[in-house]
Each structure stands twice: as C-alpha cells, then as structure tokens.
Amino acid sequence: MTATPATTGHILVFNAGSSSLKVALVDPATGARAMSGTAQRLGSPDAAFALDHDGEESTLLPLHDGTHDEAVSAVLDAAQRLPDELRPVGAGHRVVHGGELFEESVLVTDEVVAAITRFSDLAPLHNPPALLGIAAVGARWPEMPQVAVFDTAFHQTMPARAFRYAVPEEWYADLGVRRYGFHGTSHRYVSERAAVLMGRQPSELALVVVHLGNGCSAAAVLGGRSVDTTMGLTPLEGLVMGTRSGDVDPGVFGYLARQSSMSSEDVTDALNTRSGLLGLTGRSNDMREVQAAARKGEKRAQLAVDVFVYRVAKAVAALVVGLGRLDAVVFTGGIGENDAPVRRHVVQALGFLGLELDEDANEKHGRATAGRICRDVSPTALVVPTDEELMIARDTVRLVRDSETDYSDL
C-alpha cells in the first residue's frame with residue numbers, strides 16, 4: 001500500500017463505530033466542515049445515512065444493505081461529486097485499539113493494516129469497521145495517503161504502576177493483558193484546548209478530563225501527558241456508560257456460569273450491550289431520557305443517575321492521586337457538554353477538593369460555548385467541546401507531509 005504526500009486541502013475523516021459511521025470533510029487549518037454525515041443503525045433494516053453539505057439542507061440516503069461497506073461507498077461517492085477545490089487530499093481514520101505498538105498516529109501501510117488486524121480481538125466491534133474504511137479508500141483512490149489515529153496512543157505515556165494489572169506475569173508478557181485506555185484523541189484535544197482557555201501552557205497543568213457520552217472515560221493529564229485513565233484492556237472498564245457496565249467484580253463471570261449456565265461470551269455481551277444506564281433503568285441508554293424519567297419519579301431512573309454521577313466523581317477523585325494536585329476538571333462529550341445537572345452533581349460531590357460551582361456559568365456553557373463553570377478559585381472546572389475529527393485531520397496533514405517514516409518492522 002503506497003501513499004502520495006499532500007500538504008494542503010481538505011481531509012476526509014472516518015470515525016467507525018460498531019453500528020455507526022461518522023464522516024467529515026475537514027479543513028485542518030480552520031476546522032470548517034465542507035461535508036459531514038452520520039450513518040446509523042448499520043446492520044439493521046433501518047440503516048440510513050444523513051449527509052450535510054456546507055450551506056445545504058441535509059440529505060437522507062437510504063442504505064439498502066445497511067452495511068459499513070455500503071455506508072463508506074456512499075461517502076466516497078459523495079466526495080467524488082464535490083468541486084475540485086473540495087476534493088480530499090488525504091483520509092484519516094479513528095482506530096480504537098493499537099495495543100502497545102502505536103504511541104502516536106501513523107501513515108497507513110500494509111504493515112500498519114496487519115497490526116490493526118491483530119488488535120481486532122481487543123476491539124472486535126470497532127477495529128474491523130475501521131479497516132473496512134481504510135480498504136475502501138485504498139481501492140477507490142490508491143494514491144491517496146491515509147492515516148490511522150489510535151484511541152490508545154495518547155495513553156501510552158502512563159507509567160507501569162497505572163497500566164499494569166496484578167495478574168500473572170505471562171498474561172502481560174505473552175498476551176498483552178494490561179490497561180490501554182481509550183478516547184485518547186478526545187482527551188488530547190480537550191486537554192490542549194483547556195490550556196488555551198486557562199491561559200496556560202499544557203506543560204504547566206494537572207487536569208482530569210471527563211469524556212461523558214454513550215461511552216465514558218476520565219483521564220489524568222499531567223503536563224500534557226496521560227498518566228492514568230479509567231478504561232482498561234477494553235473500553236468496558238471504568239465508568240458507567242450507556243450500555244456498558246464499567247467496573248464490575250470479575251468474579252461475576254464464574255458466579256453467573258454456575259448460577260445460570262451463561263458462557264463468558266454471554267456475560268461479556270451483556271456487560272457491553274445490556275448494562276450501564278440501560279441495565280439500571282430497563283428502558284434507555286440515553287441520559288436525556290433517563291433524566292426525564294427520574295424527574296417523573298421513576299426510582300430506577302433516579303438510581304441510574306445517582307450511580308452514574310457517583311462513579312464519575314469517585315473516579316475523578318482517584319485520578320487526582322496520579323496528578324499530585326488538581327488545576328481543573330474538564331467536561332466533554334455528549335453528556336459532559338450538554339447536561340448541566342450531571343456536571344452540577346459531579347462538581348458538588350468534589351467540593352472537598354476546593355471546587356465551587358457557579359450555577360449561572362454551568363447553565364450557560366455547553367457544546368456551543370466553552371468556559372469555566374466554577375467560581376474564580378483554583379481548582380476549577382470547565383466545559384470544553386471535543387473535536388476528534390479536527391485532531392484526526394491535523395494529524396493526517398502533519399504525517400502526509402513526511403511520508404518517509406518506515407513502518408516495515410511492525
């Protein structure tokens with residue numbers, strides 16, 4: 001697989017999930033989107049792709065087969081119809097798992113593809129769709145440079161005391177059983193942006209970045225480097241999420257096997273797809289719906305909110321140990337940016353660390369307006385909207401300017 005370097009122009013960014021595909025045509029210099037779209041419910045008869053062009057009404061494209069392949073083809077067809085000045089000069093792909101091998105984003109080669117394939121066992125819902133996107137772009141535009149941006153890369157700076165499990169040594173040495181962490185592109189972007197908003201250099205700051213969405217994680221970022229995070233070997237560990245349980249006693253596997261004859265695969269599937277907010281409420285993995293039900297007095301919904309907030313605050317407090325001090329807690333992600341009540345409860349629970357919520361600022365700030373939500377004290381709390389697509393586009397431009405790197409020894 002070869003690539004021709006490019007230095008200017010738009011970057012086509014792919015963010016492939018287990019049942020969704022997000023795409024954006026990004027100007028790396030400004031962050032402007034000339035095109036963006038989301039394919040949802042892939043793998044089902046209801047699959048569809050909503051595509052937005054700059055200044056035009058959204059177009060809904062039906063996906064007859066409902067596959068990732070079909071969604072990627074629809075994106076590439078749309079990109080080929082763009083004016084010449086908007087044609088992409090490179091493609092960047094979010095790849096969830098890169099193991100210990102990738103400490104930064106890399107230009108895609110055959111060797112890189114083989115390595116991503118090897119790590120698919122650790123991210124079976126995410127790495128294969130990313131590979132489909134890489135293959136489709138390569139088939140359509142063989143000379144277009146492509147870059148893989150790994151969720152795990154940002155966390156490769158964690159010390160061994162943070163990433164090692166207390167398990168038999170051969171599990172780590174032979175099988176790579178350790179904590180990797182995820183949402184790294186978001187944590188990297190948000191921590192850098194928070195430093196700008198605080199008028200400080202990233203190297204000066206001790207931050208806990210809290211990415212809350214359908215997937216949730218928190219990271220301790222010291223001097224611009226990840227020193228600890230809540231997700232582990234897979235994206236299942238850590239905080240309560242939309243459908244994922246977060247931390248549970250691993251003894252649950254043996255217990256359920258004895259009590260209900262569930263296999264380890266059955267339990268893993270349930271912890272990933274039927275747990276979290278959905279499992280606690282029995283009705284929804286969407287925090288907006290859960291909050292609405294709680295306001296109506298539904299006890300299970302209120303419990304879900306309480307558990308969610310408690311786990312976030314508990315994790316933030318624990319991550320401060322890895323920092324040694326705290327300058328700010330930074331909220332991002334769909335819930336972190338939009339749910340003022342969740343932020344309020346978390347900040348109030350962390351009052352013992354010196355955080356003092358500013359109610360008016362907390363109600364004001366969100367996805368459209370970044371800023372402080374605490375009174376003028378230190379430590380503080382901020383809302384910083386994430387932009388993983390922009391970070392991926394900028395990594396892509398940076399790497400395709402220098403295509404001399406050799407990855408043949410992977």
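Analyst: A residue is called buried when its relative accessible area is under 20%. The model we are looking at is a predicted one. Let's start from strand β9.

User: Happy to. Why is β9, residues 206–212, described as largely enclosed by the rest of the structure?

Analyst: The description follows from a count: 7 of the 7 residues of β9 are buried, so the strand is largely enclosed by the rest of the structure. Both sides of β9 take part in this. A206, V208, V210 and L212 point one way, L207, V209 and H211 point the other way, and all are buried.

User: What makes β9 and β10 paired strands, and in which sense do they pair?

Analyst: Pairing asks for at least two bridges between two strands. β9 and β10 (residues 216–222) have 7 bridges, so by that definition they pair, and the sense is antiparallel. You can follow this residue by residue: V209 has A219 as its bridge partner in β10, and V210 has A218. The two strands form a hairpin, with 3 residues between them.

User: And how do you know that β9 also pairs with β12?

Analyst: The same test answers that. β9 and β12 (residues 328–332) share 5 bridges, and at least two are needed, so they pair. Here the sense is parallel. One of the partners to look at is T332 in β12, which bridges to H211.

User: What lets strands pair in either sense?

Analyst: Strands of a sheet pair through backbone hydrogen bonds, and these can be parallel or antiparallel.

User: Which strands make up the sheet, and what is their order?

Analyst: There are 6 strands in an open sheet, running β11-β10-β9-β12-β14-β13, with mixed pairing. The edge strands are β11 and β13 (371–372), each of which pairs on one side only. Helix α11 (residues 299–323) packs on this sheet and touches β9, β10, β11 and β12; its direction makes about 155° with that of β9. Helix α13 (residues 340–349) packs on the sheet as well, touching β9, β12 and β14 (380–383), and its direction makes about 160° with that of β12.

User: T229 sits in β11, residues 225–229. Why does T229 count as buried?

Analyst: Its relative accessibility is 2%, and the cut-off is under 20%, so T229 is buried. Apart from neighbours within four places in sequence, T229 is in contact with H155, M158, R179, G181, A218, A219 and L319.

User: What makes the approach of T229 to A218 close enough for a polar contact?

Analyst: A polar atom of the T229 side chain lies 2.8 Å from the backbone oxygen of A218. A polar contact requires the pair to be within 3.5 Å, so the distance condition is met.

User: Why is E389 called buried at 18%?

Analyst: The value of 18% is under 20%, so E389 is buried by definition. E389 lies in helix α15 (residues 388–400). Its contacts, leaving aside neighbours within four places in sequence, are V13, N15, A24, V26 and R33.

User: And why is G66 called buried?

Analyst: G66 has 0% relative accessibility, so it falls under the 20% cut-off. It belongs to the loop between β5 (59–62) and α1 (68–80). Beyond residues up to four places away in sequence, G66 touches L42, G43, S44 and A47. The C-alpha atoms of G66 and A48 are 7.3 Å apart, with 18 residues separating them along the chain.

User: How do you know that the span of helix α6 is close to what is expected?

Analyst: α6 (residues 184–198) has 15 residues and reaches 21 Å from its first C-alpha to its last, close to the 21 Å expected at 1.5 Å a residue. The helix is mostly covered, with 11 of its 15 residues buried; among them are H187, R188, Y189 and M198. Just after α6 comes G199, with a positive phi near 70°.

User: Finally, what makes the protein as a whole agree with a compact globule?

Analyst: A compact globule of 410 residues would have a radius of gyration near 22 Å, and the protein has 21 Å, which agrees. Buried residues make up 52% of the 410 residues. The protein has 15 helices and 14 strands, and its C-alpha atoms fill a box of roughly 55 × 55 × 45 Å along the principal axes.

Note on methods
Residues numbered from 1 in each chain as written. Predicted model: local features only at pLDDT ≥ 70, side-chain atom pairs only at ≥ 80, totals over all residues. Heavy atoms only, no water. Helix = DSSP H or I, 4+ residues; strand = E, 2+ residues; numbered from the N terminus. Buried < 20%, exposed > 50% of the residue type's maximum accessible area, 1.4 Å probe, protein only. Polar contact = N/O pair within 3.5 Å; in protein donor to acceptor, adjacent residues only side chain to side chain. Contact = heavy atoms within 4.5 Å. Axes fitted to C-alpha atoms, helices over the stretch in contact; angles between N-to-C directions. Expected span 1.5 Å × (residues − 1). Rg over C-alpha atoms; globule rule 2.2 N^0.38 Å.
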